[in-house]
Amino acid sequence: MLGEDIALNLKIVVAGGVGVGKTTLVGSVSEIRPLRSEEAANGSGESGAAGAKRGATTTVAMDFGRITVHSGLSLYLFGMPGQDRFRFLWDELCAEALAAIVLADPRRLEDCFAAVDHFERARIPFVVAVNRFPGAPGRTEHDVARALDLDRGTPIVLCDARDRASGKEVLIRTVEYAGRVHTARLLASVG
């Protein structure tokens with residue numbers, strides 16, 4: 001158990017394609033007013049791939065939020081920009097991250113390839129959270145795993161980025177999975 005004078009802050013990054021709901025997810029679970037770095041999107045309001053409606057703004061640096069699990073234990077959430085031109089920020093934002101969430105739009109799963117590849121190369125444990133948009137096709141965990149060519153055992157969670165309880169469930173699954181992965185790596189390194 002952590003003492004009151006010991007603070008543990010764990011970093012989780014949230015990635016995915018443009019307009020998938022990263023800013024919304026960070027904002028829905030954060031106990032503080034989230035820091036956002038948004039600008040007007042080019043061609044705002046236009047439909048993207050598969051008729052997916054894109055928002056009027058886009059993240060240009062990062063989003064930041066915090067949630068306290070209990071006294072002495074907080075999760076710091078960093079939403080990463082989805083546009084290719086801001087990809088140079090990803091390594092810095094991922095430094096010392098415990099884990100990552102790849103937020104996916106079921107209408108355009110291909111937008112997640114870059115994030116999945118990045119986390120696999122960096123050996124950062126990640127969960128894929130499929131954001132349920134109204135009118136989006138239903139996808140099974142198997143469909144998503146196959147479409148993204150995920151390693152066996154990579155968790156897939158259905159969520160609604162707007163809903164605090166749903167966002168918290170994604171965070172719980174992410175921290176649990178990261179704990180298992182990091183423990184297995186530690187045991188492998190000493191055994």
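**A colleague's note on this fold**

1. Let us start with the order of the elements. From the N terminus on, the protein runs β-α-β-β-β-β-α-β-α-β-α-β-α. That comes to 5 helices and 8 strands. Please keep in mind as you read that this is a predicted model.

2. Next, some totals for the whole protein. Of its 191 residues, 45% count as buried. The accessible surface comes to about 10100 Å², and 52% of that surface belongs to carbon and sulfur atoms. Contacts that reach far along the sequence are worth a look too: among contacts between residues at least 6 apart in sequence, 71% join residues at least 24 apart.

3. A good place to begin in the structure is strand β1. It is mostly covered, with 7 of its 9 residues buried. Which strands does β1 pair with in the parallel sense? One is β5, over 7 bridges, and another is β6, over 5 bridges. To find these pairings on your screen, look for V14, which stands opposite G79 in β5, and then for A15, which stands opposite V102 in β6. A general point helps when you look at such neighbours: in a regular strand the side chains alternate between the two faces of the sheet.

4. Strand β5 also has a partner that runs the other way. Strand β4 (residues 63-70) and strand β5 (residues 73-79) pair in the antiparallel sense, over 7 bridges. Within this pairing, T68 has S74 of β5 as its bridge partner. The two strands form a hairpin with 2 residues between them, and there G72 takes a positive phi near 90°.

5. Now turn to helix α3, residues 113-122. Which residues of α3 are buried? They are A115, V116, H118 and F119. These four lie on the same side of α3, because they cover an arc of only 160° around the axis. What do the buried residues of α3 pack against? Their neighbours are β1 (8-16), α2 (90-94), β6 (99-104), β7 (126-131) and α4 (141-148). Just after the helix comes R123, with a positive phi near 60°.

6. Loops can hold covered residues as well, and L109 is one to find. It lies in the loop between β6 and α3. Is L109 buried or exposed? With a relative accessible area of 4%, L109 falls under the 20% cut-off and therefore counts as buried. Leaving aside residues up to four places away in sequence, L109 touches A104, R139, V144, A147 and L148. The C-alpha atoms of L109 and V20 are 10.0 Å apart, although 89 residues separate the two along the chain.

7. Charged side chains deserve their own point. How many salt bridges does the count come to? The count is 6. One of them joins the side chains of E31 and R66, at 3.0 Å from N to O. This pair links distant parts of the chain, 35 residues apart: E31 is in the loop between α1 (22-29) and β2 (38-40), while R66 is in strand β4. E31 is partly exposed, with a relative accessible area of 37%, and R66 is also partly exposed, at 27%.

8. Compare that with the salt bridge between the side chains of D105 and R108, at 3.3 Å from N to O. Here D105 is buried, with a relative accessible area of 1%, and R108 counts as buried at 1% as well. Salt bridges that share partners join D105, R107, R108 and D111 into one network.

9. A further salt bridge is formed by D160 and R162, whose closest N and O atoms are 2.9 Å apart. Is R162 buried or exposed? R162 is exposed, with a relative accessible area of 57%.

10. Finally, look at the outside of helix α5 (residues 164-190), where L186 has its place. L186 is exposed, because its relative accessible area is 55% and the cut-off for exposed is over 50%. Together with L187 and V190, L186 makes a nonpolar surface patch of about 330 Å². You might set this leucine beside L109 from point 6: L186 is exposed, whereas L109 is buried.

Conventions: Residues are numbered from 1 along each chain as its sequence is written. This is a predicted model: local features need pLDDT of at least 70, side-chain atom pairs count only at pLDDT 80 or more; totals for chains, interfaces and linings use all residues. Side-chain values use heavy atoms; hydrogens and water are left out. Two strands pair if DSSP finds at least two bridges between them. Patches are made of residues with over 30% relative accessible area and no salt bridge: like charges are joined within 9 Å, nonpolar side chains (Val, Leu, Ile, Met, Phe, Trp, Tyr) within 5 Å. Accessible areas come from the Shrake-Rupley method with a 1.4 Å probe; for residues, only the protein chains shown count as cover. A salt bridge is a side-chain nitrogen of Lys or Arg within 4 Å of a carboxyl oxygen of Asp or Glu. Buried means under 20% relative accessible area, exposed over 50%, partly exposed in between (1.4 Å probe, protein chains only). The arc is that of the directions from the helix axis to the C-beta atoms. Contact means heavy atoms within 4.5 Å.
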